[in-house]
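Dear colleague,

Please find below the structure I am handing over to you. My notes on what was found in it follow directly after.

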Amino acid sequence: MDPKTRGVPANGAAMDWDDVRVFLAIARHGCLRAAGQALWQSQPTMARRLEGLEAMFGGTPLFDRLPEGTRLNAVGEGLIPAAEGVEQAMLAWSGGARPPRRP
């Protein structure tokens with residue numbers, strides 16, 4: 001993956017905040033069912049959202065699918081810092097967390 005375009009969807013489409021939430025929930029919970037429960041979504045909905053997200057990145061898988069669940073692969077790991085940054089910004093925007101202080 002080109003470092004200049006890491007984290008930029010291959011199709012140039014705008015990323016939805018819910019896509020970021022789905023990605024982080026799956027990464028944190030390690031399976032679609034538990035991630036879906038955390039977001040009040042069904043497992044099939046989570047699978048569809050993940051497929052759509054991966055399609056935005058040119059069909060590149062972000063997780064390894066295992067019998068016991070999912071595990072971030074190298075591409076998915078590379079997206080975590082940006083996704084967590086978006087999460088922090090959205091929490092700050094919505095009043096869920098304090099924004100970092102500027103020096």
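The protein chain of this predicted model has a secondary structure of four helices and two strands. Read from the N terminus, its elements run α-α-α-β-β-α. Of the 103 residues, 31% count as buried. The accessible surface of the chain comes to about 6,800 Å², and 55% of that area belongs to carbon and sulfur atoms. Among contacts with a separation of 6 or more, 53% join residues 24 or more positions apart.

Regarding confidence, the mean pLDDT of the chain is 84, and 79% of its residues reach 70 or more. Residues 1-6 require caution: pLDDT stays under 50 there, and the model has four contacts beyond four places in sequence for this stretch. Where pLDDT is low, the predicted coordinates should not be read in detail.

I turn next to the interior. The largest nonpolar core has 21 residues, and Phe23, Ile26, Met46 and Phe63 are those with the most contacts inside it. The elements that supply two or more residues to this core are α1, α2, α3 and α4 (74-94). The greatest contribution is that of α1, which gives six residues.

Helix α2 deserves a separate description. Which residues of this helix are buried? In α2, which spans residues 32-39, they are Leu32, Ala35, Gly36 and Leu39. These residues lie on the same side of α2 because they cover an arc of only 100° around the axis. A general property of helices is relevant to this pattern: an α-helix has 3.6 residues a turn, so residues three or four places apart point the same way. The face of α2 turned away from the buried side carries Arg33 and Gln37, which are exposed.

What do the buried residues of α2 pack against? Their partners are α1 (17-29) and α3 (43-56). Met46, already mentioned for its contacts inside the core, touches Leu32, Ala35, Gly36 and Leu39, and also Val22, Ile26 and Gln41, when residues up to four places away in sequence are not counted. The four buried residues of α2 are thus among the residues that Met46 touches. Following α2 comes Trp40, whose phi is positive, near 60°.

When you view the model, I would suggest beginning with Met46 and the buried residues of α2, and then proceeding to the core of 21 residues.

With kind regards

How values were computed:
Residues numbered from 1 in each chain as written. Predicted model: local features only at pLDDT ≥ 70, side-chain atom pairs only at ≥ 80, totals over all residues. Heavy atoms only, no water. Buried < 20%, exposed > 50% of the residue type's maximum accessible area, 1.4 Å probe, protein only. Arc of directions from axis to C-beta. Contact = heavy atoms within 4.5 Å. Core = buried A, V, L, I, M, F, W, Y, C linked by side-chain atoms within 4.5 Å. pLDDT = per-residue confidence, 0-100. Areas by Shrake-Rupley, 256 points an atom, 1.4 Å probe, with all protein chains shown as cover.
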